[in-house]
Each structure stands twice: as C-alpha cells, then as structure tokens.
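Student: I would like to learn how to read a protein model, beginning with the places where its parts meet. Could you guide me through it step by step?

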Amino acid sequence: MKDIVVLPGGEKLSLDWKLSDPERFQRRLKAKHADNGKAGPGEKAHCLCVHQGRYLELQIRELKKSYYFACMPNTGPYHRPTCPFYKPNPEKSGQAAYVEGVVREETEHEVSVKLITSLKRDINKSPVSSSPLPAGPRPGSRTQRRMTTLGLLHLIWERAGLHYWRPQFAGHRTDPKALRRAYATSRNIKVQRGITLDQVLCPVVSGDKGIQYFTERTIKNHSEELRLYVIGRLSSAQVVPYGRGCKIELSGIRDGYRMFMSISQTKWERLEKSYSRELVEFSRNEEGLSVFGLFLVTIDPIKKGKYSNFSTAQIEDAALMTTTEQLIPVESRYEAKIVELLVQKDRTFIKPLRFDAARELVRPDFILTDMGKKEGYPMEVFGLTDEKYLARKAEKERYYARVFGVDGWWSWDASHNAPIPPLPEVSLTQAADPIS
Ligand SMILES: [Zn+2]
C-alpha cells in the first residue's frame, strides 16, 4: 500500500518520494510549509487515517533547511498502526519498562535505541548477555537500561505494524510482505552511532529475490566489520551430537542464501532456557503457530572446499517469538485461541508487545480498536491459578477497573476450562471508517 499525504489545497504527495525523488519531495514541502502553518482545522496536511470521523492532521517542519512531516502532538497512537505516522502509546506496551533514552523518538518517524550489545566485530570479545540488565528495585516500573535482542525484535514487529490486525489484512499477510515491511521500517531505526538497522539486517524468506538481494548486499558491505542481524521464520533446529551446539535453519534459507547458521552448545543451552515455551511450541509443530527469530550473528565466508561460495553465520545472541498464522505474536496457547476467535469474527485489534519488560508490568494481552473508544478496549486472558498469579490477577482487575471502568474491559479466565465469554460488540462509527 502506498503512503499518501494530502497537502493543504488537496494536492496528493507520495511519501515514497522522500527516498525516490527527494528534490521533488523537499520542493513540495517547502512550498506548502507556510500554508500549512496558517491553515485552520480541516485544511492542514493529513494522512489517510481517520480518528473520530476526521482525518488526522500533520505538521510540516523544517530542520536545517530540510522539510519533513510530523504528527500533531499526542495523536501518534490514533494513526492506523500501518501508517508511518503511527506512534504506539509506549505506556500500553512493554516499552514502558525502559528507562528514559533507551528508545528515543527522533525526527518524523525515526527512532534511536540503545542496544545491550555492540555491533562492532572483535572489539567486544566478552560474551553477549541475553538477560536484561537489572536496575531499579520496583517490579513493573521503568528499570530496563538497554534493549535486548528480544526488545529489538518486538520493536521491528511493532513499527512494521505486524502486531496489528484488521479484517482487510486476511490473505495479504505473507512472510515476504511482512519481512519487506520489517526491512522498510528498519531504515528508521538507529541502532548505533551512524548505523541504521537496515545496514545490518538480513531478512531470510523464500520466494522473494528482492529481499535476498538486500541480504546479500548487507553481508557484502558490512559483515567484515559488523555483526549482523538475521531475521526469519524458524524451520529447523538440529542438535549436533557430542555437545557441538546446534544447526539452525530459517524458512527459505536454502533458496539461494548460501549461509549455514549455527550456535555453540553454551549459547544453545541458554537459548533453550530463555525460550523454552517457544522451542516446545516449535517442536510440537502445532498447526497455525510458528516461531520467528532475530539472530545476532558474525558472518564469515567459507574459503575452501565445495562450499567455498557459502558463508557461516555464528549465532552470538537470539530472540524467539511465537506467532499465529496472521503473524500476530502470542505468549500462550490461550492467547492464540483469542487471536483465532478475533480474526474469525472480523475484529480489529492490537497485540501490545512485551519488549524487555518483566511479566509484572500491567499490559493488556490485546486491545480492541473497533469499539469507537479513544483508548481502545483492553482484553486479558488469565491462565494460571497459583497464589502469586492470583494476587497479580487481583491487581490487574483493580487496575483495569480504575483506568477503563468496570465494564470497560474484557477478560477470560482460561484456567478452569471456562468457555470464552462473548466478545463486546463492534461500534458502528468505527465500522464506517472508509480507509482500508
Ligand atoms: Zn496516519
């Protein structure tokens, strides 16, 4: 889908021009900069997102003689999550757990993050720690000082709009399209001084020569100096006997990527511990569920032998994430059931992602966005029965009742085989949203 902005006076401008025809893009913004400042409500530049029956308006800003669009203050969360001006409300996802500065909004839709690990090869010989750095004493508060590989995977997913579902997406959310979105959004994520994520991201998918070209180019240009991130759908994890680690394959990697991925025994054991649920779900091969991974790797060419035009990708760190058929991340089989139901009932919803937050952080499992409610309608699945969990549950119930009102949220107590309660009705004003 093309991202279009309508300028004051009705002229349409494609956001693609920013990269494909930057001169024209700058010329048009410069010409409308003053008009947009003076224009009244309803006459300013806007994208095609509608909130409460009106288009969401945009500012045209100037920085060092270069012009760019920015969303109006506090409107970011109301854009459709696939719009480039969408900014998720960080308080509604695990992003709320990062201390200030870990995720920093830059101009327009750019963001910079502080990663837990350096991407420079060889400089940082110490092993990558996959456990987040502990900080403040209160669970559920802002304690995370760095972004881990899991946090980055969630950021990519969220910024690519893949944590969001509306009925019109049915049949269109394929692996190549999802990974193209992931790659496109990675241009706007700064991961280190002077390095944007697209320079180090290697998506792997079958049947898309374009993506394969991006990945080959990244490896060619940057693998000698930098560690790279490989992203894709896990297709096999084969333990090598006698403690010699594990061979990892991603769906499509045999389709010409000429890369062998492997992980040492120690790191594999650590991965098995951190992602036991995802790996169990993967080995069960349950219908509809898949596991996506982001792998920090060092890539080296194989110099001799019959694989001399191949490379090895040694995994330094990894993050895994279970998703449904629609590529919506889920944290339990109960959640997968809810996604299945919501999709079947043609609902529109967001899955707030955990990032590096502790499980204690109050964060809804899903948010329905088709109820005509500004803040959305949270949904919670309660799955366990131990004492600690029940105390948490009571705390969450109080929180939702306080913030959204007693009737302003939905829950399913899945622990006692209770049937799924009826879903709240779609609001008609929302259903009339003309944009798909
Ligand atoms: Zn928008």
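Tutor: Let us begin with a contact between two domains, keeping in mind that this is a predicted model. Here 24 residues of domain 2 are in contact with 19 residues of domain 3.

Student: Which elements supply at least two residues each of the side of domain 2 that touches domain 3?

Tutor: Helix H3 (149-159) and strand S8 (164-165) each do so, and H3 gives the most, with 5 residues. If you sort the residues on this side of domain 2 by kind, you find 11 nonpolar, 10 polar and 3 charged.

Student: Where do these domains lie along the chain?

Tutor: The domain assignment gives domain 1 as 4-78, domain 2 as 90-323 and domain 3 as 333-431. The centres of domain 2 and domain 3, taken over C-alpha atoms, are separated by 28 Å.

Student: Let us turn to helices. Which residues of H5 are buried?

Tutor: To call a residue buried, we ask that 20 or more other C-beta atoms lie within 10 Å of its own. In helix H5 the buried residues are Ile 211, Gln 212, Thr 215, Thr 218 and Ile 219. They are on the same side of H5, because they cover an arc of only 125° around the axis. The face turned away from that buried side carries the exposed residues Lys 209, Gly 210, Tyr 213, Arg 217, Lys 220 and Asn 221.

Student: What covers the buried residues of H5?

Tutor: The cover includes helix H4 (175-186) and several strands, among them S11 (201-203), S12 (228-239), S15 (290-301) and S16 (311-323). As for its length, H5 spans residues 209-222, and its 14 residues reach 20 Å from the first C-alpha to the last, close to the 20 Å expected at 1.5 Å a residue.

Student: Which residues of helix H6 are buried, and which are exposed on the face turned away from them?

Tutor: In H6, which runs over residues 265-274, the buried residues are Lys 267, Trp 268 and Leu 271. Seen down the axis of H6, these fall within an arc of 100°, so they line one face of the helix. The face turned away from them carries the exposed residues Thr 266 and Lys 273. Among the elements that cover the buried residues of H6 are strands S13 (246-250) and S14 (259-263), together with S16.

Student: S16 has now come up for both helices. How many of its residues are buried?

Tutor: S16 is mostly covered, with 10 of its 13 residues buried. To read its pairing, look at the direction of the strands and at the bridges that join them. S14 and S16 run parallel and are joined by 5 bridges, and Met 259 has Ser 311 in S16 as its bridge partner. S15 and S16, by contrast, pair in the antiparallel sense over 12 bridges, and Val 297 stands opposite Ile 315 in S16.

Student: In what order do the strands of the open sheet lie, and which of them stand at its edges?

Tutor: The open sheet has 4 strands in the order S6-S7-S9-S10, with mixed pairing. Strand S6 (103-105) and strand S10 (195-196) stand at the edges, and each has a single partner strand, so one side of each is left without a neighbour in the sheet. Strand S9 (residues 189-192) runs antiparallel to S10 and is joined to S10 by 2 bridges, and Lys 190 has Thr 196 in S10 as its bridge partner.

Note on methods: Residues are numbered from 1 along each chain as its sequence is written. This is a predicted model: local features need pLDDT of at least 70, side-chain atom pairs count only at pLDDT 80 or more; totals for chains, interfaces and linings use all residues. The expected span of a helix is 1.5 Å times one less than its number of residues. A residue is buried if 20 or more other C-beta atoms lie within 10 Å of its own, exposed if 12 or fewer, and partly exposed in between; C-beta atoms are placed from the backbone. The arc is that of the directions from the helix axis to the C-beta atoms. Two residues are in contact if their C-beta atoms, placed from the backbone, lie within 7 Å. Two strands pair if DSSP finds at least two bridges between them. Domain bounds come from an automatic or database domain assignment. Ala, Val, Leu, Ile, Met, Phe, Trp, Tyr, Cys and Pro count as nonpolar, Asp, Glu, Lys and Arg as charged, and the others, Gly among them, as polar.
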